[in-house]
Amino acid sequence: MEHSLIDPSLGEAWRPRVIGVRSTRREDDAILRGEGQYVADVRLPRMVEACFVRSQLAHARLLGVPLEEARAADGVVAAYAADDLDGVAAVPDLHKGGRPVATYPLARDRVRYVGAPIAVVVAADRYAAEDAAELVVPDLEPLPVVAGMDEALAPGAELLYPDWPDNMLIDAPASNPDVAEAFAGLRSVGGSYTIQRVGGVPMETRGVVADYRNGRLTVWTSTQYPHIVRTMLHYVLGLPEGQIRVIAPDVGGGFGTKAQIYVEEYIIASLALRLRRPVRWIEDRYEHLVTAAQARDVRFQLEAAVRDDGSIQALRGQILHDLGSGEMYPPGFNPSFVAVGMLTGAYRIPHQQIGVRCVVTNKTPAGAYRGFGMPECTFALERLIDKIGGELGIDPLDVRRRMLLDPGEMPYVTASGARLDSGSHREAFERAVSEGERLTERARARWADNPDVRIGMGVATYTEGTAANYFFTSGHWTNQDSCDVRFDPDGGVTVGVGVSTTGQGLHTMVATVAAEALGVPIDNVRVVMGDTDTSPHGLGGFASRSTVVAAGAIHKAAGEVREKGARIAAHLLEAAPEDLELVEGGFHVRGTPHRGVSWGDVARAALVRTVDLPPDVEPGLEAKAVFVPPGVAHAVGEDGRLNACPTYANATHVAVVKVDVRTGIVAVVDYVAVHDCGRVINPLIVAGQVHGGVAQGIGGALYEDFGYDDLAQPQSTSFMAYLIPTASEIPPIHAEEMESPAPEIPFGVKGVGEGGIIGPPAAIAGAVEAALAEFDPPELTATPITPQDVHAIVTAAGRAS
Amino acid sequence: MKPPRFDYSRPSTLARAVELLAASDGEGKLLAGGQSLVPVLNMRLAQPSVLVDLGLVEELRGLRREGDVLSIGAGVRQCDAEKSPLVRDCCPLVPQALRHVGHVQIRNRGTIGGSIAHADPTAELPAVALALDAELVATSVRGTRTIAARDFFRGPYTTTLEEDEVLTQVRLPIFADARTAFHEVARRSGDFALAALAAVVRFAPGSQTIVEARLAAVGTGGTPVRLDQAETGLEGRELTPETVDAAAADARAQLDATADQTVEREFRRDLVGTLVSRALTEVRP
């Protein structure tokens with residue numbers, strides 16, 4: 001398939017020149033020197049600071065918000081409750097898939113989670129604002145609390161939204177006659193699988209600075225998508241988009257947490273309009289852990305119709321998803337639909353029927369987090385496959401081998417309709433397993449003398465949909481992105497893109513792709529992103545999309561510029577354009593390397609000495625392009641199936657764990673990730689994505705948990721309780737790349753941002769279960785796996801024997 | 001997460017520090033390494049009227065041997081005690097325990113006295129103080145007194161220090177014939193302990209016979225506890241796998257009788273038993 005990637009204008013023998021080269025990231029110098037510019041670094045004259053008064057109760061009627069005392073406090077500029085913010089509309093429920101929640105940025109009649117913003121106090125600094133906020137005691141009348149999914153669905157449950165008949169934000173049953181048929185004739189193996197509530201918890205919390213002057217509102221916000229924030233500000237505040245500029249400066253991690261539009265963004269912007277002075281809000285860690293979007297919190301009921309060889313003919317089941325209060329846009333239910341779409345992963349499983357039921361509870365609203373449904377469905381399916389192996393007495397690795405897809409089957413349309421374009425599913429699996437087995441043996445030998453240690457290995461294989469269509473998620477935006485490529489007269493290039501970075505290296509990626517496409521040195525490419533005034537329109541960075549859509553757009557725009565450049569060069573060289581060859585830095589006549597012109601010569605002719613242009617060529621050397629990822633649908637088809645992504649990455653992960661059976665402590669001692677994200681642009685950045693994702697996945701498998709008590713009071717309100725893995729908990733990660741180029745995407749690239757996080761819960765649970773085999777453990781069906789869980793298994797076995 | 005208003009003083013003498021503390025009428029707080037106090041201030045869980053910063057008080061810095069006693073100034077940084085050859089030679093239990101106190105960055109700021117006076121129920125240094133029967137020296141405008149470690153810890157974050165007293169010195173006995181170990185179980189490296197154990201075992205010269213055993217555990221209650229039953233059982237015995245098992249069982253039995261019966265507590269008691277076995281196995285000559 002490789003020939004389809006070759007751009008004819010680059011010559012038939014195109015081999016990547018800078019794509020694929022491991023090079024350091026251009027972002028890092030400034031970041032490592034502390035010269036990054038984050039929202040908190042935006043300091044404007046006359047700037048004031050905001051602090052929110054947040055609900056202390058999970059569910060209550062809001063009867064009043066006395067603000068007099070706060071307004072009179074030292075240093076206070078203003079204080080507002082919902083009634084004082086006229087002109088701030090409810091957040092539009094743009095996604096029609098679920099029941100509308102009609103969230104007002106500040107609570108109006110009711111609060112539905114601890115941390116819901118009730119009032120905002122603006123003062124000279126954050127200290128004064130917090131002092132005054134403490135003086136605001138909202139009049140709250142407690143309502144019965146719905147602390148979890150089962151309570152939410154119980155008959156007679158308190159309703160979070162009194163005009164709804166129940167607490168379901170969305171209920172999407174499924175039916176499929178092929179599934180019923182499969183189950184009628186085959187053995188059924190099933191289980192219930194739970195992933196706890198976790199979240200992205202980026203190093204930089206959220207933050208917003210807003211300033212209104214000269215008729216324009218400028219909003220700096222720590223977001224993954226400035227253009228989308230701008231449109232939403234327009235919807236909620238009523239300002240024309242041309243009067244709004246949204247800037248995502250350096251962003252210290254997003255992970256999906258910042259692919260939401262938060263009520264604080266509307267409020268801070270509206271305060272700047274109202275006060276006519278810059279207003280700043282920097283979220284503190286307590287606020288972040290209590291109010292930023294949380295994710296997962298799902299329970300899968302999953303059942304397989306199994307043939308005698310262990311392979312699966314059909315899957316059926318239901319996903320139950322706790323959305324918290326549901327007051328979040330884009331809505332929190334989307335990961336469950338991605339889980340439906342990606343469930344069968346890299347396996348040949350012909351049929352499925354998976355219902356989705358998303359309920360509202362009095363927890364923090366659910367939203368996006370890296371992986372977005374894929375860690376959840378991978379956990380459920382891989383755990384179920386291990387169970388099938390156990391019940392049938394077949395090695396679970398062999399069960400997997402019987403179902404793994406082969407390259408010859410590509411493109412393969414899965415039971416959900418996902419069209420897997422290419423991949424190395426079987427080979428990645430075999431490589432990872434064999435490396436995992438070697439490392440497992442090594443670990444066994446290393447701890448052979450320790451009677452308290454057991455070693456186990458677990459496997460997880462998945463496919464990762466990348467550059468997913470956003471229409472299904474947002475109900476509003478679709479999937480395109482854009483770029484503009486513009487030469488300076490000296491041959492330097494500026495590339496503006498609509499994708500937006502959160503620190504994952506997109507500037508380097510864009511520069512590399514542009515350098516490749518134009519034949520210029522990477523250092524001659526300036527990259528512009530993250531600012532609605534200077535970047536072309538785009539949807540930002542999420543869903544492992546940035547590389548795919550930016551590369552697509554750059555490919556298109558660069559092609560136009562290259563073609564024009566070749567015509568100008570040919571004129572300057574008195575040669576025919578088709579006789580020219582694009583080389584590093586410019587053009588020369590094929591076979592005559594000394595007869596050449598640089599991009600600087602070409603650009604100068606195009607922009608300065610236009611007298612040197614051929615008569616039929618207009619001045620200027622730039623192009624804009626929009627890329628629409630091919631092959632994706634915007635709605636579920638009549639057959640209930642949908643392809644949401646233009647290309648799919650794949651990987652197999654193997655975790656090797658060491659379990660101390662007397663303390664219950666689980667340590668991941670080695671982690672193997674054989675992954676395939678198509679053509680690799682920069683191996684260093686890809687490795688960074690894989691390593692970071694695996695680390696976050698280990699956090700979810702063993703440590704992190706947003707717990708709530710019976711009154712839905714959050715229990716993980718600081719890093720003392722929300723346990724993020726540190727460097728000490730992260731083992732050597734043995735990452736190996738395979739390259740199955742995406743046949744329909746320019747340069748053959750696929751996304752890689754989320755892959756690393758998908759495997760760990762399944763692989764680690766499998767490894768712990770294997771390590772504890774002699775204790776006859778029950779199936780490990782929930783994360784996080786805690787020392788106490790392990791201790792309970794070992795103790796129970798001791799009692800039994 | 002910004003503290004409310006407070007006054008701040010940074011005296012350079014102990015005399016001035018205790019005066020300021022006395023003048024605050026119980027509303028003042030002492031600031032040493034700040035590793036526990038500053039987060040608590042930022043979360044507004046403590047709202048002192050005045051912070052008396054002990055950072056410049058030279059009298060709290062000393063680290064010296066006085067005969068059979070190692071005297072550590074309360075203001076000595078944990079990292080300095082951890083790396084000190086004197087501490088290592090006199091009381092190896094101290095660096096053994098300090099390795100488990102948070103991470104390097106925390107130990108760079110945290111102080112020996114601060115951790116003991118803060119009396120976090122899962123902290124390592126209170127266990128060390130209790131295991132070694134440390135003498136804790138406290139000073140106030142009213143004078144100076146010495147408190148035995150056994151009389152010092154009263155509950156979670158609660159000690160017998162009076163409101164106007166500053167912990168100034170931690171005096172640890174030096175045992176030439178002791179072998180020590182510190183074991184801990186935590187969710188992550190550097191975390192608060194699920195359980196931890198400080199063990200000091202003195203052997204008769206040239207033998208495995210135990211002269212005295214001191215075992216202090218944290219994690220099962222509001223204060224560190226001495227495992228008296230296990231200690232008594234070990235005295236005069238040789239340290240064999242059987243006596244180790246018996247000591248672990250004694251430890252569990254003692255904790256069973258004194259603590260509540262939740263699943264989590266039971267888990268922690270089992271952990272202490274495991275740590276007793278491991279620590280005793282380690283100290284075997």
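**Notebook: chain A, predicted model**

I began with T795(A), which counts as partly exposed because it has 16 C-beta neighbours inside 10 Å; a buried residue would need 20 or more. I note that the model is a predicted one. I located T795(A) in helix α20 of chain A, residues 787–800. I then looked up its separation from G345(A): the two lie 450 residues apart along the chain, and their C-alpha atoms are separated by 36 Å.

I turned next to helix α19 of chain A, residues 760–771. I found 12 of its 12 residues buried, so the rest of the structure largely encloses this helix. Among the buried residues of α19(A) I listed P760(A), P761(A), G766(A) and E769(A). I also checked the length of α19(A): at 1.5 Å a residue its 12 residues should span 16 Å, and the end C-alpha atoms are indeed 16 Å apart.

I then examined strands β27 (residues 666–676) and β28 (residues 733–738) of chain A, which run parallel and are joined by 6 bridges. Within this pairing I recorded Y671(A) opposite I733(A) of β28(A). I noted that β27(A), helix α17 (residues 683–703) of chain A and β28(A) form a right-handed β-α-β unit.

Finally, I reviewed the whole chain. I counted 20 helices and 28 strands in chain A. Its radius of gyration is 28 Å, close to the 28 Å given by the globule rule for 801 residues, so chain A is as compact as a globular protein of that length. I recorded a C-alpha trace spanning about 90 × 75 × 55 Å along the principal axes. I found that buried residues make up 59% of the 801 residues.

Methods
Residues numbered from 1 in each chain as written. Chains lettered and ligands numbered in written order. Predicted model: local features only at pLDDT ≥ 70, side-chain atom pairs only at ≥ 80, totals over all residues. Pairing = 2+ DSSP bridges. Helix = DSSP H or I, 4+ residues; strand = E, 2+ residues; numbered from the N terminus. Right-handed = clockwise from strand over helix to strand, strands pointing away. Expected span 1.5 Å × (residues − 1). Rg over C-alpha atoms; globule rule 2.2 N^0.38 Å.
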